[in-house]
Amino acid sequence: MSSTANTKQTPWLSLMRLPLVGLLVILLGAWLAHSVRTSGDIAAQDIRFTGADGTQMSALLYVPNNASAESPAPGILAVHGYINSREMQDGFSIEFARRGYVVLAMDQTGHGYSGGAAFANGFGGPDGLAYLRSLPMVDPTQIGLEGHSMGGWTVLAAAATMPDSYTSMVLVGSSTGAPFAQEGSPTWPRNLSLIFSKYDEFGPFMWGMERSIDLPTSDKLKAVFGSEEAIEPARLYGSLEQGTARVLHQPNTTHPGEHLSTEVIGLASDWFGKTLKGGTALNADDQIWYWKELATGVGLIGFVMLVLGLFNALLNVPLFAALKTASRSEPGSETKPARESRDSSYWRAFMASAFVPAVLFFPAFVAITLLVAPSNWLPQTVTTQVAFWALLSAGFSLLMWRFSKSAPQVVASSWGLSIASAVITVALAYGVLFIIDSVWNVDLRFWVVAVKLPSAAQLGVALIYVVPITLAFTVTMRGLCGLTVKGDTPAQQYGYAIGALSVGFLSMLVLVYGIFFATGTLVTGFDPLSTVIGMQFVPLLIAIAIIGIYGWRRTGSHRPSAVIVGLLVTLYVVAGTATQVV
């Protein structure tokens, strides 16, 4: 009896190995991330508060053990940039809290879990500052403001609305003045540290010079510093006592790179150490935040493992057994590749798959920016851009197949079973995100790539975009499976698939940033935001290729993977960007 039981259990133990390992990696990563956040007896909690007009706002609140109603500590409002969320400021928030400051890392309006529309109510800055000052453990006479990119405009809006309610400010990759902030002067904002990297993609847009490396010569910046001469980096201008202090730092990094820079985070921490009274002195290089970033980054890998393992396990449920045998002439046989060899038609298809989507990226994104205003039907500009780009790329593929003799011939499994298995797989994976969010208040991220639990409102937005994005990736997955070649090892199948989807974007970014670092000129400066967004495409397309080939190897069909990818991409983008219309 025991032998029979073991025989029955072994296949399931084998099937569950990958999802269980993925789950373990996620849980360990989330726990370690939370441990880093709370190191030194710091309390970190997810909070909600109501803004002046009733808008529900979201934030992470860090309270060090030295802060209490009896002994209030300095407070810092820390704000992320456009199409990010509160967790993007974790490096700054963790280090500020370790230095004895109460930190409110808030979601801007229309971002993360905050309500309202993006750009509304001063981006939520005045509401965030008012809430921070109301906390009993915060000393309202010692308030710092820190914001990255549009987060800088958020704290500037707070400073303009409540000019006597803060002590000092750090702008990271941001600017005063047009288009979204009050003009700066030698006396406003109070005690300003500007950290703007030499290779910031937004220099011309924010400070009015051709290259960010030339920022010290900007007339706009000189007006803020009260100088007729070029600004000398690291030199203190004005007076700390009078609130007119200014300092410029130009680290050797990029706009998104400022989040991963120990130098930038150290400079910001040091400025508050000089301008706020009541903190705990620590050296600038005494930092631990990057362990949190690595932990949630490893969790991202675990998430992909979990998705793959859950899907494979579902294929062994009787309901989905037909998917598993869709391409096989007999049980246990290998999935049949689409091609016999890598001939000229293969390489034409490979190059088109790799480079056409990259070539279409900027035209698609710019077209949506110029021609399609956010609306109730298309409430998120970036998600609309992604959907249009994906559909445009898919349309090109269909057109190419129409006039080609080598259109991919792949098995088409049941749509009903494909959709059902994909929905269950993604729902279970996001159930794990719900658990780690509930227990530890973390998502899974590394740098600009983040898988985040969507809010109820964002799930509603996802319903708008999921069908077109899934249809587009159905074409992409069909083309990817059509590039499988007889005789390839599994490693070769995954390797060529990854190349077919990601090498175009990788080449584009290497070219763009190679020129940028060599000359200081961003050749895609006509759309710096999309340039930064493009960085996410390489790791995302690698993950998509892995999911596509994994699904094909087990079903012979592109459809289950296409639906999984469509759901994941939709949820990823919708939860991680801004909502312009609510």
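## Salt bridges, a sheet and two helices

The count of salt bridges here comes to 17, where a salt bridge is a side-chain nitrogen of Lys or Arg within 4 Å of a carboxyl oxygen of Asp or Glu. Keep in mind that this is a predicted model: local features need pLDDT of at least 70, side-chain atom pairs count only at pLDDT 80 or more, and totals for chains, interfaces and linings use all residues. Residues are numbered from 1 along each chain as its sequence is written, and side-chain values use heavy atoms, leaving out hydrogens and water.

**Salt bridges**
- Glu95 forms a salt bridge with Arg98 (2.7 Å, N to O) and another with Arg99 (2.8 Å, N to O).
- Both Glu95 and Arg99 are buried (under 20% relative accessible area; exposed is over 50%, partly exposed in between; 1.4 Å probe, protein chains only).
- Asp46 pairs up with Arg48, and their closest N and O atoms are 2.4 Å apart.
- Asp46 is partly exposed at 26% relative accessibility, and Arg48 is partly exposed too, at 36%.

**The sheet**
- Eight strands (DSSP runs of E, at least two residues, numbered from the N terminus) make an open sheet in the order β1-β2-β4-β3-β5-β6-β7-β8, with mixed pairing; two strands pair if DSSP finds at least two bridges between them.
- β1 (43-50) and β8 (246-249) sit at the edges with a single partner strand each, so one side of each has no neighbour in the sheet.

**Helix α2**
- Among the buried residues of α2 (a DSSP run of H or I, at least four residues) are Pro19, Ile26 and Val36.
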